[in-house]
Amino acid sequence: MIEVQHLTKRYGDLTAVSSISFSVASGQILGFLGPNGSGKTTTMRIITGFLPATSGTVKVAGFDIFDDSFEVRKRIGYLPETPPLYNDMTVTSYLRFVARIKGMARGEISAALDRVLMRCGLGHVANRVTGHLSKGYRQRVGLAQAIIHNPDVLVLDEPTVGLDPQQIIEIRTLIKELAGAHTVVLSTHILPEVAQVCEKVVIISSGHVVKEGLITDLTQDGQTLEDVFLRAISQEGAAPDFPQAVSEEAAQ
Amino acid sequence: MRNILTMVGKELRAYFVSPVAYVVLTGFLLLGGWFFFNLLSRFNLMLTLYTQMQGGEAINRLNLNDYVIAPLMHNLAIVLVILVPMITMRSFAEEKKNGTYELLLTSPLRTGELVLGKFFASFLFICIMIGLTGMFPAILLIFGNPEIGVMVSGYIGLVLLATVFVALGLLTSSFTENQIVAAVSGLVATLLLYIIGWPADSAGDVLGPLLRYLSVTEHFADMVKGLIDTRGLVYFGSLIVLALFLTQRSVESLRWR
């Protein structure tokens with residue numbers, strides 16, 4: 001469903017992502033792991049068509065993100081690092097607006113709205129202004145926004161940040177339910193989360209893919225995912241070096 | 001088309017659910033009312049003076065169009081030079097700051113639809129602003145007999161002038177994520193367009209007419225006098241189209257390699 005090949009992104013002299021390749025099969029949940037500043041957000045921004053790559057290709061559902069960006073964007077739902085909310089809109093009017101710009105037919109919107117309000121547990125805040133919601137609820141509205149048009153591909157940048165333990169469990173359950181019908185790419189640095197939710201992981205460090213594989217394969221010789229992760233990123237030269245960390249900030 | 005309407009709806013609602021619309025409308029009408037009151041009382045004073053002096057010739061030259069409406073239009077134009085960049089400053093800059101730009105640019109929206117949606121929303125807003133000042137001429141129509149044609153032409157001029165400013169404001173807003181930077185550079189652009197004709201008289205035979213043609217004041221003043229000229233319409237039209245085209249390029253440029 002998603003094919004990333006030799007993807008490179010430079011900001012001036014800084015290389016945020018350097019020739020990374022991986023693929024995600026249809027219906028799979030991919031965990032995208034990496035230390036802070038390793039290029040996760042940059043990669044996700046490129047996959048969703050927000051940023052252009054310096055070189056390399058990304059294909060989503062067979063469409064090239066550079067040549068057929070419009071077709072890709074129709075099929076993708078994206079939750080950025082900070083939920084993209086309009087602070088003066090109510091939850092309902094915001095989600096209706098998103099549904100419309102995602103190209104949903106007028107008649108389908110009300111049903112879709114009810115569905116996501118229920119799925120994301122937003123029913124009782126539906127008429128509140130998003131600017132007044134707590135961080136956890138803002139995150140849920142962000143997730144509702146990403147799934148309202150029932151996209152083939154979901155890209156979620158740290159979806160459980162800022163949620164309480166109860167909510168984290170709910171969101172994880174929700175993401176697991178989405179698998180099968182949707183292909184999900186999710187970035188995080190919470191390892192147990194990946195172990196619970198994802199089938200496949202890609203570990204990147206300093207802009208390079210250092211490990212890729214199914215979780216069952218990576219952990220079959222008794223290692224925990226934590227061991228795999230730490231060994232993978234230490235091969236690459238311990239913590240990410242300074243320029244990469246800066247370039248990640250520059251991207252924001 | 002549907003996407004443009006969706007954007008217009010969202011933008012207009014954003015104006016009216018925040019205090020922005022009300023502050024701008026109140027301020028604009030307050031200033032407009034003050035100008036109107038002063039111009040009218042000056043007109044009244046002149047009328048009394050001329051009547052006392054029995055200056056028959058001068059009294060015939062006094063009329064509401066030239067002494068109240070025309071200066072009112074010019075004063076409102078100056079207020080628009082300052083206010084319009086403040087109305088448009090948020091249009092792209094705020095989206096970038098809030099992270100909602102990511103939502104818009106990863107949605108199946110064409111950049112043209114995005115730019116036109118924002119443009120029409122701001123355009124409708126300035127139409128509401130200018131439309132509300134219509135009460136001043138309406139008062140004159142009830143109590144006096146100004147020429148309607150000249151007033152209408154002046155209002156068309158005012159709307160065109162403000163539309164050019166809107167397009168320029170959108171352009172400067174699309175360059176930055178900082179609203180202050182967007183507003184200040186927008187103000188510089190609108191003000192420059194307003195005063196660019198000032199050195200025209202001493203600028204020589206080639207540069208002079210060119211500066212005069214580039215000046216928004218020149219074409220606006222014609223329309224306030226009741227003169228709707230294709231030269232002026234082409235001027236306003238091409239500036240609007242050019243600024244919107246550059247805005248579309250500026251938004252699109254994020255996707256360039």
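**Core, contacts and strands in a predicted two-chain model**

Me: In this predicted model, how many residues does the largest nonpolar core have?
Reply: The residues with the most contacts inside this core are Ala144(A), Val185(A), Leu161(B) and Ala167(B). Helix 9 of chain B, residues 148-174, gives the most to the core, with 14 residues. The size of the largest nonpolar core is 132 residues.

Me: Where does this core lie relative to domain 1 and domain 2 of chain A?
Reply: Domain 1 covers 1-75 + 153-162 + 184-252, and domain 2 covers 82-151. Both give residues to the core, so its place is between them.

Me: Which residues does Val185(A) touch, leaving out those up to four places away in sequence?
Reply: Val185(A) is among the core residues with the most contacts. Contact here means C-beta atoms within 7 Å. The partners are Ile2(A), Val24(A), Leu30(A), Phe32(A), Met44(A), Ile47(A) and Val155(A).

Me: How many residues does each chain bring to the contact between chain A and chain B?
Reply: On chain A, helix 2 (69-74), strand 6 (76-79) and helix 3 (91-101) each supply at least two residues. By class, the chain A side has 11 nonpolar, six polar and five charged residues. The counts are 22 residues from chain A and 18 residues from chain B.

Me: What separates the centres of the two domains of chain A?
Reply: The centres are taken over C-alpha atoms. The distance between domain 1 and domain 2 is 26 Å.

Me: Which element gives the largest share of the domain 1 side that touches domain 2 in chain A?
Reply: The contact takes eight residues from each of the two domains. On the domain 1 side, five are nonpolar, one is polar and two are charged. The largest share, three residues, comes from strand 7 of chain A, residues 153-157.

Me: How far apart are the end C-alpha atoms of helix 2 of chain B?
Reply: This helix has 34 residues, 20-53. At 1.5 Å a residue it should span 50 Å. The distance in the model agrees with that, at 49 Å.

Me: What covers the buried residues of helix 2 of chain B?
Reply: Phe28(B), Gly32(B), Phe35(B) and Phe36(B) are buried in this helix. Just after the helix, Gln54(B) takes a positive phi of about 55 degrees. The cover includes helix 4 (64-88), helix 7 (111-132) and helix 8 (135-143) of chain B.

Me: Which strands stand at the edges of the open sheet in chain A?
Reply: Four strands form this sheet in the order 2-1-4-5, with antiparallel pairing. An edge strand has a single partner, so one side of it is left without a neighbour in the sheet. The edge strands are strand 2 (14-24) and strand 5 (63-64).

Me: Which residue of strand 2 of chain A is the bridge partner of Glu3(A)?
Reply: Strand 1 of chain A, residues 2-11, runs antiparallel to strand 2. Seven bridges join the two. The partner of Glu3(A) is Ser23(A).

Me: Are the faces of strand 6 of chain A covered or uncovered?
Reply: Ile76(A) and Tyr78(A) lie on one side, Gly77(A) and Leu79(A) on the other. These residues are all buried. Both faces are covered.

Me: Which residue of strand 7 of chain A is the bridge partner of Tyr78(A)?
Reply: Strand 6 and strand 7 of chain A pair in the parallel sense. Four bridges hold the pairing. The partner of Tyr78(A) is Val155(A).

Note on methods. Residues are numbered from 1 along each chain as its sequence is written. Chains are lettered from A and ligands numbered from 1 in the order in which they are written. This is a predicted model: local features need pLDDT of at least 70, side-chain atom pairs count only at pLDDT 80 or more; totals for chains, interfaces and linings use all residues. A nonpolar core is a set of buried Ala, Val, Leu, Ile, Met, Phe, Trp, Tyr and Cys residues joined through C-beta atoms within 7 Å. A residue is buried if 20 or more other C-beta atoms lie within 10 Å of its own, exposed if 12 or fewer, and partly exposed in between; C-beta atoms are placed from the backbone. Domain bounds come from an automatic or database domain assignment. Ala, Val, Leu, Ile, Met, Phe, Trp, Tyr, Cys and Pro count as nonpolar, Asp, Glu, Lys and Arg as charged, and the others, Gly among them, as polar. The expected span of a helix is 1.5 Å times one less than its number of residues. Two strands pair if DSSP finds at least two bridges between them.
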